[in-house]
Amino acid sequence: MSNILVLHGPNLNLLGLREPDIYGSKTLDDINLALLDQSNRHQGQLRIMQSNHEGELIDAIHEAVGWADGILINPGAYTHYSLALRDAIAGVSLPCVEVHLSNIHSRESFRQKSVIAPICIGQVSGFGWRSYTLGLLALHDHLSDSGK
Ligand code: DQA
C-alpha cells in the first residue's frame with residue numbers, strides 16, 4: 001500500500017481542448033479517474049493536484065513529506081527549465097517518475113531536454129494518457145520492490 005502525490009503542471013488543465021493532435025482528447029479528469037482506478041486496484045492512495053504556478057507545485061512537494069512514498073509528475077513546460085522544481089523533488093528525497101503525453105524527444109529541440117529527469121527514477125514519454133498509467137505502475141513496482 002503506497003501513497004503517491006500526482007502533480008500536473010501548467011496548461012494540463014486544458015487537456016481535451018489543447019492541441020488534441022499532440023496531447024489527445026482525454027480531459028485531465030479522465031486521466032485522474034484512470035489513475036484512481038489503477039491505484040485502488042493496488043490498494044494505494046493518491047493525492048492529485050494541477051497548478052499553473054511553479055511555487056504551488058513546489059509547496060505541494062514539500063507538503064507531501066511524511067505522507068507520500070513517491071511522486072508522479074507531468075511538469076509540463078517546467079520540465080525544460082525549472083531548476084526550482086528539480087531542487088524541490090531532489091530535496092524531499094522521494095522517488096519520482098516523470099511522465100509526458102507526447103514524446104518530448106521527437107519534438108522541438110527545446111522540449112528534448114528535461115532538467116527534472118536526471119533526479120527521477122525514470123521517465124515515460126510518448127504514450128498519450130497511458131504514459132500516466134504506465135508511470136504509476138512503474139512507481140508502484142519500484143515502491144513494492146523497496147518494501148512499500
Ligand atoms: C508535456 C510536454 C511539454 O513540452 C509541454 O510543455 C506540456 C506537455 C507532455 O505531456 O507531453 O505542457 O509535458
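In which loop is E19 found? E19 sits in the loop between β1 (3-8) and α1 (20-23), and there is a small backbone surprise waiting there, described below. Please keep in mind as you read that this is a predicted model. The briefing covers one helix pair, a few ring interactions, some buried and exposed positions, and two loop residues with a positive phi.

**Helix α3 against helix α4**

- Helix α3 covers residues 54-63 and helix α4 covers residues 83-92; their axes come within 9 Å and cross at roughly 0 degrees.
- Since angles under 35 degrees count as roughly parallel, α3 and α4 are therefore roughly parallel to each other.
- On the α3 side, the contact is made by E54, L57, I58, I61 and H62, while α4 brings in A84, L85, A88, I89 and V92.
- Sorted by character, the residues of this contact of α3 with α4 divide into 8 nonpolar, 1 polar and 1 charged.

**Rings and charges**

- How many aromatic pairs does a search of the whole structure find? The search turns up 1 aromatic pair.
- That pair joins Y78 and Y81, whose ring centres are 5.9 Å apart; their planes stand at 70 degrees, so the pair is edge-to-face.
- Is Y78 buried or exposed? Y78 counts as buried, because its relative accessibility is 9% and the cut-off for burial is under 20%.
- Its partner Y81 has a relative accessible area of 52% and is exposed.
- Two tryptophan rings each have a charged residue over them: K26 lies over the face of W129, at 4.9 Å from the ring centre.
- The other case is W67, where the charged end of R47 sits over the ring, 3.9 Å from its centre.

**Buried positions and their contacts**

- I73 belongs to strand β3 (residues 70-74), and with a relative accessible area of 1% I73 is buried.
- Setting aside neighbours within four places in sequence, I73 is in contact with L7, L85, I89, C96, V97, E98 and V99; L85 and I89 also take part in the α3 and α4 contact.
- The C-alpha atoms of I73 and V99 are separated by 6.1 Å, although the two residues are 26 residues apart along the chain.
- L136 lies in helix α5 (residues 130-145) and counts as buried, at 0% relative accessibility.
- Beyond its neighbours within four places in sequence, L136 is in contact with I4, L35, Q38, S39, L46 and L72.
- L136 and I71 are 65 residues apart in sequence, yet their C-alpha atoms are 9.0 Å apart in space.
- R111 has its place in the loop between β4 (96-100) and β5 (122-125), and R111 is buried, with a relative accessible area of 18%.
- What does R111 contact, leaving aside its neighbours within four places in sequence? Its contacts are Y23, H80 and I104.

**Loop residues with a positive phi**

- As general background, most residues other than glycine have a negative phi.
- E19 goes the other way: its phi is positive, at about 35 degrees, although E19 is not a glycine.
- With a relative accessibility of 40%, E19 counts as partly exposed.
- Q43 likewise is not a glycine and has a positive phi, of about 55 degrees.
- Where does Q43 lie? Q43 is in the loop between α2 (28-41) and β2 (45-50).
- Q43 is exposed, with a relative accessible area of 60%.

**An exposed position in α2**

- D29 has its place in helix α2, and its relative accessible area of 58% makes D29 exposed.
- D29 and L15 are 14 residues apart along the chain, and their C-alpha atoms are separated by 9.0 Å.

Conventions
Residues are numbered from 1 along each chain as its sequence is written. This is a predicted model: local features need pLDDT of at least 70, side-chain atom pairs count only at pLDDT 80 or more; totals for chains, interfaces and linings use all residues. Side-chain values use heavy atoms; hydrogens and water are left out. Axes are lines fitted to C-alpha atoms, for helices over the stretch in contact, and angles run from 0 to 180 degrees between N-to-C directions. Helices (H or I, at least four residues) and strands (E, at least two) are DSSP runs, numbered from the N terminus. Angles under 35 degrees count as roughly parallel, over 145 as roughly antiparallel, 65 to 115 as roughly perpendicular and the rest as oblique. Contact means heavy atoms within 4.5 Å. Ala, Val, Leu, Ile, Met, Phe, Trp, Tyr, Cys and Pro count as nonpolar, Asp, Glu, Lys and Arg as charged, and the others, Gly among them, as polar. Rings of Phe, Tyr and Trp (its six-membered ring) pair if their centres lie within 6.5 Å; planes under 30 degrees apart count as stacked, over 60 as edge-to-face and the rest as tilted. Buried means under 20% relative accessible area, exposed over 50%, partly exposed in between (1.4 Å probe, protein chains only). A charge sits over a ring if NZ of Lys or CZ of Arg is within 6 Å of the ring centre and within 35 degrees of the ring normal.
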